[in-house]
Each structure stands twice: as C-alpha cells, then as structure tokens.
Amino acid sequence: MATKNDDGRKVIATNRKARHDYHIIETYEAGIALMGTEVKSLRDGGASIADGFCQLTRGELWVENIHIAEYGRGSWTNHEARRRRKLLLHRQELNKLDQKSRETGYTIVPLQLYFRGGKAKIEIALAKGKREYDKRHALREAQDKREAERAMRYRNLG
C-alpha cells in the first residue's frame, strides 16, 4: 500500500534490491508517461519495480520491466502489465545520463515510484554495480551498527 512521506511523496513501490546491488552515484526525479488505467491501478497500490531497468533509445529514456497490475475495473481499454514506459526529463539531464551510461560499469536503475502533487513520478539513479565483496562488506557494516546501537540501548537502560 502507499505511504505518505514528509516531503509530500506518496510512495507506491520501492526497489530495495537496487541499493544492495549498486553504488548510487546520482539520483533524478522523472515524470512517467502513463495510460489512465495505469494511474488508477497505481492509486490502488498495484506496482512492482524490483526487476526494472532504464534504457536510452534515440535520445529518449524508457523504463522497462516494471509491473503495474491491470486495473480491476478496466474494460477493453486496460493496459499491458509490463510494457515500456517513457520517462520525462530535461534534455540536459538526458544528455548527462547518456554520456555517463556509455561508460563501463554504469547503468540507470529505478529506485522509487510515487505520487507528488497528484502526478506519478519515478526516482531513477545513475549507478555503478557493486562487487560481491562490496555487498558482504555493506551487510557486515549494517550488522555491526545494529549491534552497537543495541549495546548502547541496553547500557543506557541499566
């Protein structure tokens, strides 16, 4: 279900796997071109962006492989669940993303799908893939931090 954040975002879907698999270099907020039944389905909370990725084609940015469930009360005008959707960014941002994504190891991944001001937005990131040992190191740091916080909490209690 959707949750409201402090900055006015009503979050629909989050890609938690992306922060585990990639170093996030820079984030962008992009509009997303949707059909009417897709917007209604998003308002019901039916979306998943876990397997999504972005691709630049002929100067336009497209997000692929994100799942927006078909609208339950839709008719023959309903949409396909996993179709390509165009992202709306400024030309300077597109050029910068195109230049960086051509470098080895860089990719563009979706992080969050949300509503802001009644409009559907998607947060995308320029990211660089993590190696296996980087992932283990990040997990170990998070576990050590949790253990330290737990120890401090018990120490302050008694």
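Before I begin, one definition: two strands are said to pair if DSSP finds at least two bridges between them. Please also keep in mind that what we are looking at is a predicted model.

Let me start with the hairpin. Strand 5, residues 53-57, and strand 6, residues 60-64, pair in the antiparallel sense, and five bridges join them. If you follow strand 5 from Phe 53, you will find that Phe 53 stands opposite Glu 64 in strand 6. Between the two strands there are two residues, and Arg 58 is in that turn.

Arg 58 deserves a pause, since its phi is positive, at about 50 degrees, although Arg 58 is not a glycine. Is Arg 58 buried or exposed? The relative accessibility of Arg 58 is 82%, and because the cut-off for exposed is over 50%, Arg 58 counts as exposed.

Further along, in the loop between strand 6 and strand 7, residues 67-68, we come to Asn 65. Asn 65 is another residue other than glycine with a positive phi, here near 70 degrees, and with a relative accessible area of 31% Asn 65 is partly exposed.

Now let us turn to the interior. As a general point, nonpolar side chains in soluble globular proteins tend to be buried together. In this model the largest nonpolar core has 24 residues, and those with the most contacts inside it are Leu 61, Leu 87, Leu 89, Leu 97 and Ile 124. Several elements each supply at least two residues of this core, namely strand 2 (9-14), strand 3 (22-32), strand 6, helix 3 (91-101), strand 9 (106-116) and strand 10 (119-129). Apart from this core lies another, of five residues, among them Ala 18, Val 109, Leu 111 and Ala 125.

Which residues does Leu 61 touch, leaving out those up to four places away in sequence? Its contacts include Leu 87, Leu 89, Leu 94, Leu 97, Ile 108 and Ile 124, and also Arg 85, Lys 86 and Gln 55.

Finally, a word about the aromatic rings. A pair of aromatic rings is described by the distance of the centres and the angle of the planes, but in this model the count of aromatic pairs comes to zero. There are, however, charged side chains over rings: Arg 84 lies over the face of Trp 62, at 4.5 Å from the ring centre, while Lys 100 lies over the face of Tyr 106, at 5.4 Å from the ring centre.

How values were computed. Residues are numbered from 1 along each chain as its sequence is written. This is a predicted model: local features need pLDDT of at least 70, side-chain atom pairs count only at pLDDT 80 or more; totals for chains, interfaces and linings use all residues. Side-chain values use heavy atoms; hydrogens and water are left out. Helices (H or I, at least four residues) and strands (E, at least two) are DSSP runs, numbered from the N terminus. A nonpolar core is a set of buried Ala, Val, Leu, Ile, Met, Phe, Trp, Tyr and Cys residues joined through side-chain atoms within 4.5 Å. Buried means under 20% relative accessible area, exposed over 50%, partly exposed in between (1.4 Å probe, protein chains only). Contact means heavy atoms within 4.5 Å. Rings of Phe, Tyr and Trp (its six-membered ring) pair if their centres lie within 6.5 Å; planes under 30 degrees apart count as stacked, over 60 as edge-to-face and the rest as tilted. A charge sits over a ring if NZ of Lys or CZ of Arg is within 6 Å of the ring centre and within 35 degrees of the ring normal.
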